[in-house]
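Q: Hi! Could you walk me through the packing in this one?

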Amino acid sequence: MPENRSTESRLLIKGATVLTMDPALGDLTTGDVLIVGDRISAVAPELTDPQAEVIDARGMIAFPGLIDTHMHAWQTPLKGLHATGWTFDDYQSRVFYLREHFGVEDIHDATLAGSIEMLDAGVTGVLDFCHNVMSPRHAEAALDAHRATGQRTLWAYGMLSSLDGVPREDAWRLDHISELSKETGDDGLLRVGMALASIERGSMGRIAEEIALARELGMQMTVHQNPAGQIRALHEAGLLGPDIVPAHSNAADNEELEFIAACGGSISFTPECEFGGGRSMTVLNRAHRAGVASTLGIDTPARVPIDLFATMRLTFLLMRSVDAFDEREAGRYPLTRRPGVPMVEPRHMLEYATVNAARAIGLGEDLGRLAPGQLADLVLINTAPYGVALGDPAAHVVLRTQPSDVDTVVVGGAVRKRNGVLTDLDRADAGAATERVRERIFADVEAAAQGRDA
């Protein structure tokens, strides 16, 4: 388990191009960041502190740690199984059915592998939507894995019992999540949230019960939002709020997006999976225009790699493509620049993955910016050997960066990666954990098949 930094520990990052993502501070072409304990103490062009450990960040770009707002970490060992998936049936038959074969050890190892890979890729925070809570011990194993890696985590306890339409007794989930909320209240980096049952597979009465409990416990919530009209249904039932983060919402209409914006809410978009699965992507532009705090996630490693840089890049290109399509359909071609078109710049994507994402996980006042008083989650990318791109350095981060460029990762003031190497975790451990899960679950699948054939 990573060590907690004492309140006296001091870390000084020197000479970086600093993207604070704070409107009052802006960017520093060359700047320093002083971290005391787990929070940022100062950001300025030149800082000194003889007691601080110094990181030479010349030639690097510093920005707030990336936050993934929709991730199924338990599916990390299943990478590749959904690469060519198209329909929901594909997902069910290739990936999701395997949850029945995940034991307690498998949930721990899979979560451990995913969290290590995320930290290595500059993802300091995650909303881990765990819809594989098959027993209380499964939940506790996932939490133990997140404690071991020290990633800042909102672990969303899955309320979904099944996808096959067969009712199952799962009142124990509500009892158990209440117990866990008390046990993890002071964990610091780790908080428990709730992943609501899929609305289309349960009654609004059940969803209302889950939401009421989560709000009683002070928990953030998330929900898979796939069919049309569900956001309106939550709104009309008086249940919609900024503490619920819908994931996907590709079918949301403009009025539903206005409902979310009006309550200060967020949506987690997972464009690589959504686009790869044939969904409409116009919601990205419509949500941005409506003032929704858009955020980004990987969704399932079974389809795409853990790489939020690629997600930001694809989101930017998709939103530009939607703008271009609208212009062409209106007869405005060749394209010319009109006010508000194109809608987004690369910097907006970095806002999605930092400032907006911090709001979505309930830490908008304390996280997502490099500013005094903020929690010290930070990433440095190395622009060597080819050099930084001209223009906005945020564009370099979004359009030209890959996980291998991540030089330094700081979470809560603790250095978790430095000079391109994890400091207290091992990539090999993630690989070994993945192999263990595969060996166990596919042996179980084979044994179950043999039992049915016997």
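What follows is a chat about rings, cores, helix packing and a few single residues.

A: Happy to. This is a predicted model, where local features need pLDDT of at least 70 and side-chain atom pairs count only at pLDDT 80 or more, while totals for chains, interfaces and linings use all residues. Residues are numbered from 1 along each chain as its sequence is written, and side-chain values use heavy atoms, with hydrogens and water left out.

Q: Cool. How many aromatic pairs are there in the whole structure?

A: A search finds 6. Rings of Phe, Tyr and Trp (its six-membered ring) pair if their centres lie within 6.5 Å; planes under 30 degrees apart count as stacked, over 60 as edge-to-face and the rest as tilted.

Q: What about F88 and Y91, how are those rings arranged?

A: Their centres are 6.2 Å apart and the planes are at 50 degrees, so the pair is tilted. Both residues lie in helix α1 (residues 88–94), 3 residues apart, about one turn of the helix. Helices here are DSSP runs of H or I with at least four residues, strands are E runs of at least two, and both are numbered from the N terminus.

Q: Why does that spacing matter for residues pointing the same way?

A: An α-helix has 3.6 residues a turn, so residues three or four places apart point the same way.

Q: Buried or exposed, those two?

A: F88 is partly exposed at 42% relative accessible area, whereas Y91 counts as buried at 13%. The cut-offs are under 20% for buried, over 50% for exposed and in between for partly exposed (1.4 Å probe, protein chains only).

Q: And which rings make up the cluster?

A: Ring pairs link W74, F88, Y91, F96 and F102.

Q: Switching topic: what does the largest nonpolar core look like?

A: That core has 100 residues, and those with the most contacts inside it are F63, F102, W155, M312, L350 and V397. Helix α2 (residues 104–120) gives the most to this core, with 8 residues. A nonpolar core is a set of buried Ala, Val, Leu, Ile, Met, Phe, Trp, Tyr and Cys residues joined through side-chain atoms within 4.5 Å. There is also a second, separate core of 19 residues, which includes I13, L28, L370 and V415.

Q: W155 caught my eye. What is it in contact with?

A: Leaving aside neighbours within four places in sequence, the contacts of W155 include D128, C130, L143, H146, L190 and R191. Contact means heavy atoms within 4.5 Å. W155 and Y157 are both buried.

Q: Any polar contacts with a histidine?

A: Yes, try H131, in the loop between β7 (123–130) and α3 (136–149). H131 counts as buried at 4% relative accessibility, and a polar contact of 3.0 Å joins its side chain to that of W74. A polar contact is a pair of N or O atoms within 3.5 Å; within protein, one must be able to donate a hydrogen and the other to accept it, and residues adjacent in sequence count only if both atoms are side-chain atoms. Not counting residues up to four places away in sequence, H131 also touches Y91 and F96, among others.

Q: Nice. Where does D22 sit?

A: D22 lies in the loop between β1 (10–19) and β2 (27–36), and counts as buried at 9% relative accessibility. Beyond neighbours within four places in sequence, D22 is in contact with R369 and A371. The C-alpha atoms of D22 and R369 are separated by 5.7 Å, with their positions 347 residues apart along the chain. A polar atom of the D22 side chain also lies 2.9 Å from the backbone nitrogen of A24.

Q: Last topic, helices. At what angle do α11 and α12 pack?

A: Helix α11 (residues 346–360) and helix α12 (residues 393–400) pack at about 75 degrees, with axes 8 Å apart. Axes are lines fitted to C-alpha atoms, for helices over the stretch in contact, and angles run from 0 to 180 degrees between N-to-C directions. The two helices are therefore roughly perpendicular; angles under 35 degrees count as roughly parallel, over 145 as roughly antiparallel, 65 to 115 as roughly perpendicular and the rest as oblique.

Q: How many residues of α12 are buried?

A: 6 of its 8 residues, so α12 is mostly covered. What covers the buried ones includes β1, β2, α10 and α11. At the start of α12, a side-chain oxygen of D392 reaches to within 2.9 Å of the backbone nitrogen of A394.
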